[in-house]
Amino acid sequence: GSKSPFSSGTFVPAEGIPHTIRADDFTLEVLERWTSPTSGATYPAQWRLRVKSLDLNLVVTPTVADQELQTGESTGVTYWEGRSLVAGTQRGSRSTGAAYVELVGYAARSGL
């Protein structure tokens, strides 16, 4: 799919000096998908993130597939959010970490 013209990010290394990541500097590829048995929505469930300027190549994997939240009693939004693990390389050296991912817009909105 195409990226939003507003896609961007910030990389903060251990040294703590932030590096802005522009939309044309990264790619995000879906490697796996997961379908919710409750809502029927299909979400991306593993990603490969590459950032050219940082020579960064990471795979982001959710710790648990089913991290879907259904808020029919309040906002009516069903979405996926949760903890993920990160592993790959940066400038040829092994890199690992943790991430928090939020996915909105994959499930139909409940009527309020």
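This passage walks through the fold of one protein chain, from its overall layout to a few individual residues.

The structure described here is a predicted model. Its chain contains zero helices and eight strands, and a reader who follows the sequence from start to end meets the pattern β-β-β-β-β-β-β-β. Along its principal axes, the C-alpha trace spans about 45 × 30 × 25 Å. The chain has 112 residues, and 32% of them are buried. Its accessible surface amounts to about 7300 Å², with 52% of that area belonging to carbon and sulfur atoms. Contacts between residues can also be sorted by how far apart the partners sit in the sequence. Of the contacts with a separation of 6 or more, 41% join residues that are 24 or more positions apart.

Strand 7 is a helpful place to begin exploring the strand pairing. This strand covers residues 78–90 and runs antiparallel to strand 5, to which seven bridges join it. Within the pairing of these strands, Leu58 is placed opposite Gly88 of strand 7. Strand 6, made up of residues 68–70, is also antiparallel to strand 7, and three bridges connect the two. Here Glu68 has Trp80 of strand 7 as its bridge partner. Strand 8 is another antiparallel partner, joined to strand 7 by 11 bridges. On this side, Arg83 faces Tyr100 in strand 8.

The start of strand 7 can be viewed through a single residue, Thr78, which lies in that strand. Is Thr78 buried or exposed? Thr78 has a relative accessible area of 7%, so it counts as buried, because the limit for a buried residue is under 20%. With neighbours within four places in sequence left aside, Thr78 is in contact with Ser39, Tyr43, Glu68, Leu69, Gln70, Ala107 and Ala108. Two of these names appear elsewhere in this account: Glu68 is the bridge partner of Trp80, and Tyr43 takes part in the aromatic pairs described next.

A search of the whole structure finds two aromatic pairs. In one of them, the ring centres of Trp34 and Tyr43 are 6.1 Å apart and the ring planes meet at 20°, so this pair is stacked. The reasoning rests on a simple cut-off, because planes under 30 degrees apart count as stacked. Trp34 and Tyr43 are both buried. Tyr43 also pairs with Tyr106, this time in a tilted arrangement, with 5.6 Å from centre to centre and 50° between the planes. Which parts of the chain does this pair tie together? Tyr43 belongs to strand 4 and Tyr106 to the segment after strand 8, so the pair links parts that are 63 residues apart in sequence. The surroundings of these two tyrosines can be compared through their accessibility. Tyr43 is buried, at a relative accessible area of 1%, whereas Tyr106 is partly exposed, at 37%. Through these ring pairs, Trp34, Tyr43 and Tyr106 are linked into a cluster.

Two loop residues stand out for their backbone angles. Asp55 has a phi near 50°, which is a positive value in a residue other than glycine. Asp55 sits in the loop that runs between strand 4 (42–51) and strand 5 (56–62). With a relative accessible area of 45%, Asp55 is partly exposed. Arg91 is likewise not a glycine, and its phi is positive at about 50°. Where is Arg91 found? Arg91 is in the loop between strand 7 (78–90) and strand 8 (93–103). These two strands form a hairpin with two residues between them, and Arg91 is in its turn. Arg91 has a relative accessible area of 52% and is therefore exposed, because exposed residues are those over 50%.

Finally, the side chains can be searched for charged partners. How many salt bridges does the structure hold? The structure holds one salt bridge, in which the side chains of Asp24 and Arg22 meet at 3.1 Å, N to O. Arg22 has a relative accessibility of 52%, and it counts as exposed.

Technical notes. Residues numbered from 1 in each chain as written. Predicted model: local features only at pLDDT ≥ 70, side-chain atom pairs only at ≥ 80, totals over all residues. Heavy atoms only, no water. Helix = DSSP H or I, 4+ residues; strand = E, 2+ residues; numbered from the N terminus. Buried < 20%, exposed > 50% of the residue type's maximum accessible area, 1.4 Å probe, protein only. Phe/Tyr/Trp six-rings, centres within 6.5 Å; stacked < 30°, edge-to-face > 60°. Pairing = 2+ DSSP bridges. Contact = heavy atoms within 4.5 Å. Salt bridge = Lys/Arg side-chain N within 4 Å of Asp/Glu carboxyl O. Areas by Shrake-Rupley, 256 points an atom, 1.4 Å probe, with all protein chains shown as cover.
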